[in-house]
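Here is a short tour of how two protein chains meet. Take a moment with the picture before reading on.

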2 protein chains.
Amino acid sequence: VNQVWIAGAGMTRFGRRDETLPDLMAEAALSALADAMIEQPDGLVVAAMNPEEFTGAGNYGSLINTHLGLSHVPALRVETATSSGVAAVYTAFAAIASGLHKTVLVVGGEKMSHMATPRVSEIIGRSIDPHERSYGTTMPALAGLITRAAMHRRGLTLREISQVAVKNHANGARNHLAHFQEAVTLEAVMESRLVADPLRLFHCCPISDGAAAIVMTAEPAEVRIAGIGQGTDTIAMRYRNDLTAFVATQTAAQVAYRMAGFGPERVEVAEIHDAFTPFEIISLEDTGLIPPGKAGRATLEGETALDGRLPINTSGGLKARGHPLAGTGIAQLVELCWQLRGMAAGRQVQARVGLAQSIGGLATNNWVTLLEARR
Amino acid sequence: VNQVWIAGAGMTRFGRRDETLPDLMAEAALSALADAMIEQPDGLVVAAMNPEEFTGAGNYGSLINTHLGLSHVPALRVETATSSGVAAVYTAFAAIASGLHKTVLVVGGEKMSHMATPRVSEIIGRSIDPHERSYGTTMPALAGLITRAAMHRRGLTLREISQVAVKNHANGARNHLAHFQEAVTLEAVMESRLVADPLRLFHCCPISDGAAAIVMTAEPAEVRIAGIGQGTDTIAMRYRNDLTAFVATQTAAQVAYRMAGFGPERVEVAEIHDAFTPFEIISLEDTGLIPPGKAGRATLEGETALDGRLPINTSGGLKARGHPLAGTGIAQLVELCWQLRGMAAGRQVQARVGLAQSIGGLATNNWVTLLEARR
């Protein structure tokens with residue numbers, strides 16, 4: 001396997017955006033290409049979870065290469081539900097590692113905020129097992145179930161999952177591209193309205209529009225993809241042995257660490273999939289970044305804060321930076337690139353190795369990526 | 001780039017099917033795995049063009065690995081409109097060529113026949129440029145436009161495009177998995193009802209359900225993927241210089257021949273994307289299998305018939321075998337595997353090298369694959 005590098009990174013502001021999805025993707029893509037100082041990649045991989053239902057248009061590989069003025073550049077679309085962005089990165093990784101391409105542009109995003117929330121929820125719900133969905137299950141309902149189980153069996157507390165929101169909003173307040181750029185108090189989180197017991201509004205990520213892009217190359221650049229791993233688990237929650245840990249993340253982390261040749265001990269900054277704030281605590285343990293049963297307390301003690309031992313979601317995470325589905329996994333890598341290159345003005349941390357963890361569906365198709373600064 | 005082989009192939013009967021799409025995909029996948037004598041692949045790539053709108057379910061990588069009892073096998077979904085099946089094959093090819101995986105199962109299919117035709121047409125139409133679609137354009141309308149242009153500028157005749165249907169129905173009559181297994185006369189084709197002038201019903205492929213699968217390996221098997229190439233063109237028909245040839249096919253063929261190290265002269269059998277019968281004639285010339293301007297006459301003279309010099313669409317093609325969108329590109333490779341391995345009972349031809357050509361959207365994202373028998 002040849003080495004693969006990230007030569008450029010870019011993203012739009014996340015939030016409610018009036019632009020079309022092709023315009024958002026073009027903004028992110030052109031920014032990444034400019035950063036990489038590359039005009040024409042050999043290939044393009046596009047990630048969008050469900051542009052057909054969210055925007056009415058399909059054939060997104062061709063739509064986006066045409067929109068970028070690069071209609072002759074071979075383009076694919078890749079999808080693994082909410083982790084589609086990283087699946088696209090993996091597809092580009094394989095194309096470069098195999099020598100089929102030298103330079104691949106990866107762009108992902110989603111446009112949803114123009115729709116009523118129940119319709120957005122219905123479309124996102126298509127990634128739930130159809131049988132379980134037939135009972136009216138939604139993503140927040142499943143997340144609530146998992147949170148209750150974790151409170152009961154692992155001693156997770158409401159204070160811990162609320163502190164994740166406080167921390168990530170504080171980070172988002174330092175990110176001019178974040179959906180939410182305002183700090184929130186623990187009280188405000190714990191008193192926000194109930195969404196799916198015990199989850200309240202401020203435990204849940206928003207519905208965001210936006211796009212993110214990276215340029216991947218066979219030529220050495222400032223940041224290397226040291227490892228990338230995928231893990232999967234049954235789409236049917238009722239078949240799982242344990243609701244309080246995600247096997248798909250654990251597998252993805254093992255694969256990524258094995259490829260990188262190092263373990264969690266070298267990771268100094270991480271972007272974690274906090275679509276619901278308890279998932280940050282679960283995922284910190286699944287990735288081995290924090291020992292089992294310790295991530296809640298570590299969060300309360302500020303270990304994962306911007307000035308803590310292991311800063312988590314310096315971007316604001318899905319909670320505050322926002323979650324435009326297929327854009328999210330790529331945005332995590334954009335944030336890590338900026339951190340590793342010393343470009344995260346206002347929220348810069350000291351780090352040579354970063355980890356990104358992305359969840360597809362209700363932890364059915366997860367990814368862990370390890371980035372390493374060259375210097 | 002490591003060599004990549006096809007160790008197993010399988011498909012369902014195409015046509016109106018009552019089974020769900022996961023059941024159809026499982027039937028094809030299990031048949032390909034049994035043919036390869038492999039129980040567990042390292043990876044799974046799923047192709048479906050728009051299962052969300054056709055069936056209401058998404059997250060298809062996870063849905064299908066779970067349905068196959070292989071929920072721990074990493075799965076992706078890949079999409080390039082109607083050529084999605086080959087895009088999935090290419091993704092698996094890169095994973096094996098790079099050494100990331102040793103054995104990958106690729107399965108593609110679609111389920112559409114339960115819906116009213118106008119709704120199917122609307123969903124398929126999402127792969128047309130949104131601006132052009134805003135005028136009410138449909139795929140048959142664009143194909144009619146291209147056919148009229150080819151008649152005017154290249155001398156294509158109605159008799160020629162009708163003979164493609166006669167030939168492919170004759171082949172389908174020898175394929176027990178084909179959607180249509182009955183021969184048709186030239187008169188019946190030319191007198192069938194008008195769909196989009198000058199195209200009549202029998203010039204157009206049907207709406208088919210079905211799935212197809214192959215198992216790809218790093219270990220040598222009976223059939224090798226000698227070359228695979230992708231070509232793209234602007235999604236906006238109004239930006240094209242020429243309506244009567246598909247640049248995307250020409251590019252894909254060049255890339256595939258370059259990888260294989262040989263040209264069209266070695267091809268002895270081919271599966272061509274005849275979603276509309278004039279596309280078979282255009283594509284035979286775009287792939288270099290027949291010189292420019294000669295494919296119509298060659299068809300009339302029987303050169304592309306089962307007993308001709310260069311048998312085309314021995315399976316019946318999209319016209320008669322059927323066209324379950326993302327299943328089609330894989331089904332083409334299944335047919336070629338069976339021909340190259342001497343397993344095409346009732347329609348067997350003598351061939352060591354086969355070519356498959358797949359069209360995504362209105363020729364925005366096309367593929368050419370070259371298969372070679374090992375012996």
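What follows is a walk through the contact between the chains, then a few local details.

Keep in mind from the start that this is a predicted model.

**How the two copies are related**

Let's begin with the overall arrangement. A turn of 180 degrees, with a shift of 0.0 Å along the axis, lays chain B on chain A with an RMSD of 0.0 Å. That is the relation of a two-fold axis. Both copies use the same surface, with 100% of the contact residues of chain B recurring in chain A. If you want to find the axis by eye, look for S98(B): its C-alpha comes closest to the rotation axis among the residues of chain B, at 1.9 Å.

**The contact itself**

So how many residues does each chain bring to the contact? Chain B gives 49 residues and chain A gives 49 residues. Together the two chains bury about 3700 Å², and 54% of that is on carbon and sulfur atoms. Which three residues of chain B supply more of its buried area than any other three? They are N59(B), E79(B) and L100(B), which supply 16% of the area that chain B buries against chain A.

Polar contacts turn up here too: between chain B and chain A, 28 residue pairs are in polar contact, counting pairs with both residues at pLDDT 80 or more. On the chain B side, the elements giving two or more residues include α2 (51-55), α3 (60-67), β3 (75-79) and α4 (84-97). Of these, α4(B) gives the largest share, seven residues. Sorted by type, the chain B side has 22 nonpolar, 20 polar and seven charged residues.

**Strands and charges across the interface**

Now zoom in on β3, where the chains meet strand to strand. Strand β3 (residues 75-79) of chain A and β3(B) run antiparallel, joined by three bridges. In this pairing, E79(A) stands opposite R77(B).

Side chains of opposite charge can pair when their charged atoms come close. Across the interface of chain B and chain A there are two salt bridges, and over all chains the count comes to 46. One pair that spans the interface is E79(B) with R77(A). You have met E79(B) already, as one of the three residues that supply 16% of chain B's buried area. Another salt bridge sits within chain A, between D209(A) and K111(A). This pair links distant parts of the chain, 98 residues apart: D209(A) is in the loop between β6 (199-200) and β7 (210-217), while K111(A) is in the loop between β4 (103-110) and α5 (117-124).

Here are those two salt bridges side by side.

| Salt bridge | N to O distance |
|---|---|
| E79(B) and R77(A) | 3.0 Å |
| D209(A) and K111(A) | 3.2 Å |

**Some backbone details**

Finally, have a look at the backbone. A cis peptide bond joins D197(A) and P198(A), with omega about 5 degrees. P198(A) lies in the loop between β5 (194-196) and β6 of chain A. In chain B, a cis peptide bond joins D197(B) and P198(B), again with omega about 5 degrees, and P198(B) is in the loop between β5 (194-196) and β6 (199-200) of that chain.

One more backbone angle to check is at N59(A), which has a positive phi of about 50 degrees although it is not a glycine. You'll find N59(A) in the loop between α2 (51-55) and α3 (60-67) of chain A.

Notes:
Residues are numbered from 1 along each chain as its sequence is written. Chains are lettered from A and ligands numbered from 1 in the order in which they are written. This is a predicted model: local features need pLDDT of at least 70, side-chain atom pairs count only at pLDDT 80 or more; totals for chains, interfaces and linings use all residues. Side-chain values use heavy atoms; hydrogens and water are left out. Contact means heavy atoms within 4.5 Å. Buried area is the accessible area (1.4 Å probe) that two parts lose on being put together, summed over both. A salt bridge is a side-chain nitrogen of Lys or Arg within 4 Å of a carboxyl oxygen of Asp or Glu. A polar contact is a pair of N or O atoms within 3.5 Å; within protein, one must be able to donate a hydrogen and the other to accept it, and residues adjacent in sequence count only if both atoms are side-chain atoms. Helices (H or I, at least four residues) and strands (E, at least two) are DSSP runs, numbered from the N terminus. Ala, Val, Leu, Ile, Met, Phe, Trp, Tyr, Cys and Pro count as nonpolar, Asp, Glu, Lys and Arg as charged, and the others, Gly among them, as polar. Two strands pair if DSSP finds at least two bridges between them. Copies are superposed by least squares on the C-alpha atoms of residues with pLDDT of at least 70 in both.
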